[in-house]
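Q: Could you take a close look at one part of this structure and explain how its surroundings are arranged? Please proceed step by step, as for a first-year student.

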Amino acid sequence: MNLILLGGPGAGKGTQAKKLIDKYQVPQISTGDILRAAVKEGTEMGKKAKEYMDAGKLVPDEVVIGIIKDRLAQPDCKKGFILDGFPRTVPQAEALDKVLVGLKTGIDHVVSIDVDEEALVVRLTGRRTCKNAACGQMFHIKFTPSKKEGVCDKCGGELYQRDDDNEATVRNRLKTYNDATAPLIG
Ligand code: ADP
Ligand code: ZN
């Protein structure tokens with residue numbers, strides 16, 4: 001169960017990964033989540049990454065490759081892992097190959113989730129996430145609103161909008177996906 005989930009921003013990689021980790025008891029590795037945690041902690045890496053993330057651009061390859069290399073070497077990845085949001089460029093995919101050879105393993109499947117672009121814009125700009133990191137439940141103001149506005153149904157935590165889920169940044173993220181990540185499918 002070594003999987004890669006590919007797909008544009010808002011395609012549902014994180015949502016599907018959450019279902020798979022419950023079913024198969026393997027870790028979800030989301031470079032976006034790891035980077036957001038670094039931003040929140042205010043680490044050097046987080047400070048640098050935030051500029052790229054807020055602009056809808058990719059964080060430099062060497063940064064995310066370093067993150068993945070450390071994460072995949074941890075013992076909980078031995079029984080499998082689900083990569084969500086990595087690789088996102090051809091050099092990242094090539095670096096991943098090398099890391100996996102070093103760990104004497106490989107990728108079993110890649111699932112590409114293909115969603116219409118305008119649907120992605122509506123999904124992302126209406127997305128709200130629970131601030132409680134242990135929960136992280138997601139809502140949509142139109143499709144799956146919480147019972148009480150701004151409050152998580154699951155844990156009572158505060159709901160927030162990701163800094164990069166505004167329309168201008170979403171458009172840039174889509175362009176970045178089409179330019180740098182979609183070619184990976186080939
Ligand atoms: P989404 O897939 O919805 O855009 P993510 O949480 O996967 O959201 O990523 C958020 C941001 O984090 C990206 O726009 C990018 O700036 C950065 N990021 C995440 N993963 C990578 C990666 N593999 N390579 C470069 N940047 C990344
Ligand atoms: Zn919650």
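**Helix 2 and its surroundings**

A: In this predicted model, helix 2 is followed by Gly42, a residue with a positive phi, near 75 degrees. The helix that ends before this glycine spans residues 31–41. Its buried residues are Thr31, Gly32, Leu35 and Ala38. Viewed down the axis of helix 2, these residues fall within an arc of 125 degrees, and therefore they line one face of the helix. On the other side of helix 2, Lys40 and Glu41 are exposed. The terms have a numerical basis: a residue counts as buried under 20% relative accessible area and as exposed over 50%.

What, then, covers the buried residues of helix 2? The cover includes strand 2 (28–30), helix 3, helix 4 (61–72) and strand 3 (81–84). Two of these elements, helix 3 and strand 3, lead on to further parts of the model and are taken in turn.

Consider helix 3, which comprises residues 44–55. Here Gly46, Ala49 and Met53 are buried. These residues cover an arc of only 70 degrees around the axis, which puts them on the same side of helix 3. The face turned away from that buried side carries the exposed residues Glu44, Lys47, Lys48 and Glu51. Among the elements that cover the buried residues of helix 3 are helix 2 and helix 7. Each of helix 2 and helix 3 is thus named in the cover of the other. Just after helix 3 comes Gly56, and this glycine takes a positive phi of about 75 degrees.

Strand 3, which also belongs to the cover of helix 2, pairs with strand 1 in the parallel sense over four bridges. In this pairing, Asn2 stands opposite Phe81 of strand 3. Strand 1 has a second partner in strand 4 (residues 109–113), and these two strands pair in the parallel sense over five bridges. There, Ile4 has Val110 of strand 4 as its bridge partner.

Is strand 1 largely enclosed or largely open to the outside? Six of the six residues of strand 1 (residues 2–7) are buried, so the strand is largely enclosed by the rest of the structure. A general point about strands helps in reading its two faces. In a regular strand, side chains alternate between the two faces of the sheet. In strand 1, Asn2, Ile4 and Leu6 lie on one side, whereas Leu3, Leu5 and Gly7 lie on the other. Both faces are covered, and all of these residues are buried.

Helix 7 provides the next link. This helix (167–181) is included in what covers the buried residues of helix 3, and it is likewise included in what covers those of helix 6, together with strand 5 (127–130). In helix 6 (residues 117–125), the buried residues include Leu120, Val121 and Leu124. Seen down the axis of helix 6, its buried residues fall within an arc of 100 degrees, so they line one face of the helix. At the start of helix 6, a side-chain oxygen of Asp116 reaches to within 3.2 Å of the backbone nitrogen of Glu118.

Strand 5, in turn, belongs to an open sheet of three strands in the order 6-5-7, with antiparallel pairing. Strand 6 (138–140) and strand 7 (159–160) stand at the edges with a single partner strand each, so one side of each has no neighbour in the sheet. Strand 5 and strand 7 pair in the antiparallel sense over two bridges. Thr129 lies in strand 5 and stands opposite Tyr160 in strand 7. At 10% relative accessibility, Thr129 counts as buried. Apart from its neighbours within four places in sequence, Thr129 is in contact with Gly136, Gln137, Met138, Glu158, Leu159 and Tyr160.

The path ends at a metal site. The zinc ion (ligand 2) is coordinated by the SG atoms of Cys130, Cys135, Cys152 and Cys155, at 2.3 to 2.4 Å. The spacing of these donor residues in sequence is C-x4-C-x16-C-x2-C. Angles of 96 to 114 degrees among the four donor atoms make the site of the zinc ion (ligand 2) tetrahedral. For comparison, the ideal angle at a metal with four tetrahedral donors is 109.5 degrees. Two of the donor residues may be set side by side: Cys152 is buried, with a relative accessible area of 4%, whereas Cys155 is partly exposed, with a relative accessible area of 36%.

Conventions: Residues numbered from 1 in each chain as written. Chains lettered and ligands numbered in written order. Predicted model: local features only at pLDDT ≥ 70, side-chain atom pairs only at ≥ 80, totals over all residues. Heavy atoms only, no water. Buried < 20%, exposed > 50% of the residue type's maximum accessible area, 1.4 Å probe, protein only. Arc of directions from axis to C-beta. Contact = heavy atoms within 4.5 Å. Polar contact = N/O pair within 3.5 Å; in protein donor to acceptor, adjacent residues only side chain to side chain. Donors = N, O, S within 2.8 Å, 3.2 Å for Na, K, Ca; no water. Tetrahedral: all angles 85-135°; square planar, octahedral: opposite > 155°, others 65-115°. Pairing = 2+ DSSP bridges.
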